[in-house]
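Work through the exercises below with the sequence and coordinates open. Each task is followed by a stepwise solution.

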Amino acid sequence: MSKIRQAPCEACGELTPSHEIISLGVGGSTYRQLCGQCFNAEVTQLKGLGSFESFRIEPITLRDCAGEAHDFHFRTRLLGQVVAMDAFELRDGEPSGYQCEVADDPDADLHGLLGRLVDKLRRMLAVKDLTFGEPEPQIAEQTVRGRIDWDESVRGRTPLLVIDGQEVTWEEFGRMLATFEGWQFRLELIDRCDEA
Ligand SMILES: [Zn+2]
């Protein structure tokens, strides 16, 4: 289990895991570091929205199709005209691995939204697009789904891919593609709230 850092919410003072703290811009370059509940309460007030009740969601464990357990943490953020709920794994206290998000209207039932998010997670965990064999991972079939992150360890703007919840460097992915020399490909970019 990775070590989880905590910080006090600047509104209610509650000691909150750092991955649950959300920065709220309050004019200029000033940000307040808030827990999920206080963030949503402030956005409700700032945007003059009616009532919005969010609740803290306890982490859950789901197994992937290889039987490996994954611990998922959740956040709910009211972002003006949408409410976004995301799930993520943690590594060194930071969101990483499998990540998933859904969004809806602010008056949507949050339990229903959570149900949609968990269903989406289960679908993600039910397939593996890579075979993590020796000497290197390979593309299992002919489709690869993943997330585009940024590789901080490389100079310049280099993507880091996350496929099957595992980090794959741009170079590693290039070598996987090289085994398909002569084939064609189609690349489709998909919003984070939609299904890849
Ligand atoms: Zn708070």
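Two strands pair if DSSP finds at least two bridges between them. Helices (H or I, at least four residues) and strands (E, at least two) are DSSP runs, numbered from the N terminus. The model is predicted: local features need pLDDT of at least 70, side-chain atom pairs count only at pLDDT 80 or more, and totals for chains, interfaces and linings use all residues. Residues are numbered from 1 along each chain as its sequence is written.

**Exercise 1. Describe the sheet that contains β12 and the helix on it.**

Step 1. Three strands make up this open sheet, ordered β11-β12-β13 with antiparallel pairing. At its edges are β11 (147-150) and β13, each of which pairs on one side only. From one strand to the next, the twist averages 40 degrees; angles run from 0 to 180 degrees between N-to-C directions, and axes are lines fitted to C-alpha atoms, for helices over the stretch in contact.

Step 2. Four bridges join β11 and β12 in the antiparallel sense. Within this pair, Arg 147 stands opposite Val 162 of β12.

Step 3. Helix α3 (residues 170-178) packs on the sheet and touches β12 and β13. Contact here requires C-beta atoms, placed from the backbone, within 7 Å. The direction of α3 makes about 80 degrees with that of β13.

**Exercise 2. Repeat the analysis for the sheet that contains β6.**

Step 1. The order is β5-β6-β7-β8, four strands in an open sheet with antiparallel pairing. Its edge strands are β5 (60-63) and β8, each pairing on one side only. Here the twist averages 35 degrees from one strand to the next.

Step 2. β5 pairs with β6 (residues 69-79) over four bridges, in the antiparallel sense. Ile 60 has Phe 72 in β6 as its bridge partner.

Step 3. Helix α2 packs on this sheet, touching β5, β6, β7 and β8, and its direction makes about 130 degrees with that of β8.

**Exercise 3. Asp 92 and Asp 164 both have a positive phi. Is each one buried or exposed?**

Step 1. Phi is about 55 degrees at Asp 92, which is not a glycine. Asp 92 lies in the loop between β7 (82-91) and β8 (94-104).

Step 2. For Asp 164, also not a glycine, phi is about 55 degrees. Its loop runs between β12 (159-163) and β13 (166-169).

Step 3. Apply the cut-offs: a residue is buried if 20 or more other C-beta atoms lie within 10 Å of its own, exposed if 12 or fewer, and partly exposed in between, with C-beta atoms placed from the backbone. Asp 92 has 9 other C-beta atoms within 10 Å, so Asp 92 is exposed. Asp 164 is buried because 23 C-beta neighbours lie inside 10 Å.

**Exercise 4. Locate the largest nonpolar core and the surroundings of Cys 100.**

Step 1. A nonpolar core is a set of buried Ala, Val, Leu, Ile, Met, Phe, Trp, Tyr and Cys residues joined through C-beta atoms within 7 Å. The largest one has 23 residues, and those touching the most other members include Leu 34, Phe 39, Ala 87 and Cys 100.

Step 2. At least two residues each come from α1 (36-46), β6, β7, β8 and α2. β7 gives the largest share, five residues.

Step 3. Not counting residues up to four places away in sequence, Cys 100 touches Asp 86, Ala 87, Leu 117, Lys 120, Leu 121 and Met 124.

Note on methods: Contact = placed C-beta atoms within 7 Å.
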